[in-house]
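Hi everyone, and thanks for making time for this. I'd like to walk you through one chain, starting with the overall layout and then moving in to a single residue. Let me put it on the screen.

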Amino acid sequence: MAKVKITQVKSGIGYPKNQKATLKALGLRKMHASRTLELNAQLEGMIRTVNHLLKVENAD
């Protein structure tokens, strides 16, 4: 599986609860926090939910 690096570039303040919960589930607690994760169908859906708050890059 491919790996992706996700970085939070915008705050979750002022967005719906489900989007804040998605950021938390991705492991992003603070601005400019990054995680490298294995790309799968569940992760793609989570990224799609909050793509306006994230920067996504290939980590390979």
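So, in what order do the elements of the chain run from the N terminus on? Have a look before I tell you. The order is β-α-β-α-β, which gives 2 helices and 3 strands. Please keep in mind that this is a predicted model.

How does the chain compare with a globular protein of that length? The radius of gyration is 11 Å, and the globule rule gives 10 Å for 60 residues; those values are close, so the chain is as compact as a globular protein of that length. If you box in the C-alpha atoms along the principal axes, you get roughly 35 × 20 × 15 Å. Of the 60 residues, 27% are buried. The exposed surface comes to about 4100 Å², with carbon and sulfur atoms supplying 52% of it. And here is a number on contacts: taking those with a separation of 6 or more, 73% are between residues 24 or more positions apart.

Now let's turn to the sheet. Its 3 strands are ordered β2-β1-β3, the pairing is antiparallel, and the sheet is open. At the edges sit β2, residues 34-38, and β3, residues 54-58, each of them pairing on one side only. From one strand to the next, the twist averages 25°.

Next, the pairing of β1 with β2. Strand β1 covers residues 3-8, and 5 bridges join it to β2, the two running antiparallel. If you want one pair to click on, take lysine 3: its bridge partner in β2 is glutamate 38. Packed on the sheet you'll find helix α2, residues 41-49, which touches β1, β2 and β3. The direction of α2 makes about 25° with that of β1.

Let me finish with a residue I'd like you to zoom in on, threonine 7, which is found in strand β1. Is threonine 7 buried or exposed? Its relative accessible area is 9%, and the cut-off for buried is under 20%, so threonine 7 counts as buried.

What surrounds threonine 7, once we leave aside its neighbours within four places in sequence? The contacts are His32, Ala33 and Ser34, along with Leu53, Leu54 and Lys55. With serine 34 there is also a polar contact, side chain to side chain, at 2.9 Å.

That's my tour, and I'm happy to rotate the view for anyone who wants another look.

How values were computed: Residues are numbered from 1 along each chain as its sequence is written. This is a predicted model: local features need pLDDT of at least 70, side-chain atom pairs count only at pLDDT 80 or more; totals for chains, interfaces and linings use all residues. Side-chain values use heavy atoms; hydrogens and water are left out. Two strands pair if DSSP finds at least two bridges between them. Helices (H or I, at least four residues) and strands (E, at least two) are DSSP runs, numbered from the N terminus. Axes are lines fitted to C-alpha atoms, for helices over the stretch in contact, and angles run from 0 to 180 degrees between N-to-C directions. Contact means heavy atoms within 4.5 Å. Buried means under 20% relative accessible area, exposed over 50%, partly exposed in between (1.4 Å probe, protein chains only). A polar contact is a pair of N or O atoms within 3.5 Å; within protein, one must be able to donate a hydrogen and the other to accept it, and residues adjacent in sequence count only if both atoms are side-chain atoms. The radius of gyration is taken over C-alpha atoms; the globule rule is 2.2 Å times the number of residues to the power 0.38. Accessible areas come from the Shrake-Rupley method with a 1.4 Å probe; for residues, only the protein chains shown count as cover.
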